[in-house]
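Morning, everyone. I have a short tour for you today, so please look at the screen.

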Amino acid sequence: MTPHILRIFAVVATALVLAALQTTTPSYAILTAPIRTTGHQPETVTSTAFSLKVRDVSRAKALAYDQFGKAVALQSSGVWIVVSAELRGLQQTMPVHAATMIGASGRLYRQSQRAAAAPNNLVAKVLQPGLPTTGIFIFEMPEDETAGMTLVVSEQYDPQLQGEVAVALDPDAVAPRERLEIGPNGS
C-alpha cells in the first residue's frame, strides 16, 4: 500500500471511531442527572444528602386549615393528596424545596401553590444534620392519577448531580376522606 492510501484509510477509520463514540456517549442531561435513591412507603429511604420516611398519605376532596387566625377552605375538582413525612439532613444544612408526585400515567405534579400556606408545610423548612424534621407535602391532582403514585423529593427541582429520593406510595395505605382538616402542627 502506498502512503497516500494508508492516510486515507487512517482518516476513514478515525472518522468511524469518532462516529461510534458520538452515538454511544450519553447526553449531558444524563451525565449530570440527579442521583436517585428509590424505596417504598414503610421504609426510610436515604440519599447522599438526606433521608425521607413517609408516615401516612391522605386523600380528600376538600382541605381546611387556619391561616393567621382565619379559616381557609380549599375545594378541588380533583383530589388533594397530603403526605406526612419525616426528613433528616445528613451532612449539611439544606432546604428541601422540591417535591413532585408522579401519577399513575407518569405525569408529574408539583406541590400545590394554592395550599402553600398550610401549617407545617415542609417546603418552608430547612433540614439540619441529624435532626428529624416533620411536616407535610400537599398536591392537587386528578383522582385517576392516585392509583400508583411515587413521591420524589430533592433540594431543588431538576437537581444536577445531587441526591434525590423517590418513594413508591402504597395505594392501600392512602386514607380517603371527604374533608381533611390540617391542624397547627400539620396533622
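**Salt bridges, spaces and a surface patch**

At 46% relative accessibility, Arg107 counts as partly exposed. Keep in mind that this is a predicted model.

What does Arg107 pair with? Its side chain meets that of Glu145 in a salt bridge, at 2.4 Å from N to O. Now look at where the two sit. Arg107 is in the loop between strand 6 and strand 7, and Glu145 is in the loop between strand 9 (132-141) and strand 10, so the pair ties together parts that are 38 residues apart in sequence.

Is Glu145 buried or exposed? Buried: its relative accessible area is 1%, and the cut-off for buried is under 20%. Arg107, at 46%, is partly exposed.

A general word on such pairs. Side chains of opposite charge can pair when their charged atoms come close.

How many salt bridges does a search of the whole structure find? Seven. Let me show you two others.

Start with Arg55. Arg55 forms a salt bridge with Glu86, and the closest N and O atoms are 3.1 Å apart. Arg55 belongs to strand 3 (residues 50-67) and Glu86 to strand 4 (residues 70-89), so this pair ties together parts that are 31 residues apart in sequence. Arg55 is partly exposed, at 47% relative accessibility.

Next, Arg88. Arg88 also forms a salt bridge with Glu86, with 3.3 Å between the closest N and O atoms. Arg88 has a relative accessible area of 30%, so it is partly exposed. Put these together: Arg55, Glu86 and Arg88 are linked in a network of salt bridges.

On to empty space. Rolling a probe the size of a water molecule over the atoms shows where empty space is left.

The largest pocket comes up at about 260 Å³. Which residues are closest to its centre? Of the 18 that line the pocket, they are Leu108, Tyr157, Asp158, Pro159 and Glu164. Three strands each supply at least two residues of the lining: strand 6 (98-102), strand 7 (108-110) and strand 10 (150-154). By class, the lining has 10 nonpolar, four polar and four charged residues.

What about closed space? The count comes to one cavity of 30 Å³ or more. The largest cavity holds about 40 Å³ of space. Its lining is made up of Leu87, Val96, Leu122, Lys125, Leu127, Thr133 and Phe137. By class, that is five nonpolar, one polar and one charged.

Now the surface. Find helix 1 (residues 3-24), which is where Ile8 sits. Ile8, Val12 and Leu16 form a nonpolar patch on the surface. Together, the three have about 290 Å² of accessible area. Ile8 itself is partly exposed, with a relative accessible area of 45%.

One last stop: Gly148. Where is Gly148 found? In the loop between strand 9 and strand 10. Gly148 is partly exposed, at 38% relative accessible area. Its C-alpha atom is 7.7 Å from that of Ala168, and the two residues are 20 apart along the chain.

To recap, then. Arg107 and Glu145 make a salt bridge, and Arg55, Glu86 and Arg88 make a network. The largest pocket has a volume of about 260 Å³, and the largest cavity about 40 Å³. Ile8, Val12 and Leu16 make the nonpolar patch. Thanks for listening.

Notes. Residues are numbered from 1 along each chain as its sequence is written. This is a predicted model: local features need pLDDT of at least 70, side-chain atom pairs count only at pLDDT 80 or more; totals for chains, interfaces and linings use all residues. Side-chain values use heavy atoms; hydrogens and water are left out. On a 1 Å grid over the protein atoms alone, a cavity is a set of points where a 1.4 Å probe fits but cannot get out, and a pocket is an open set with protein on both sides within 12 Å along at least five of seven lines; lining residues have an atom within 4 Å of a point. Grid points are joined across faces, edges and corners, and a volume is the space filled by probe spheres set on the points. Helices (H or I, at least four residues) and strands (E, at least two) are DSSP runs, numbered from the N terminus. Ala, Val, Leu, Ile, Met, Phe, Trp, Tyr, Cys and Pro count as nonpolar, Asp, Glu, Lys and Arg as charged, and the others, Gly among them, as polar. Patches are made of residues with over 30% relative accessible area and no salt bridge: like charges are joined within 9 Å, nonpolar side chains (Val, Leu, Ile, Met, Phe, Trp, Tyr) within 5 Å. Accessible areas come from the Shrake-Rupley method with a 1.4 Å probe; for residues, only the protein chains shown count as cover. A salt bridge is a side-chain nitrogen of Lys or Arg within 4 Å of a carboxyl oxygen of Asp or Glu. Buried means under 20% relative accessible area, exposed over 50%, partly exposed in between (1.4 Å probe, protein chains only).
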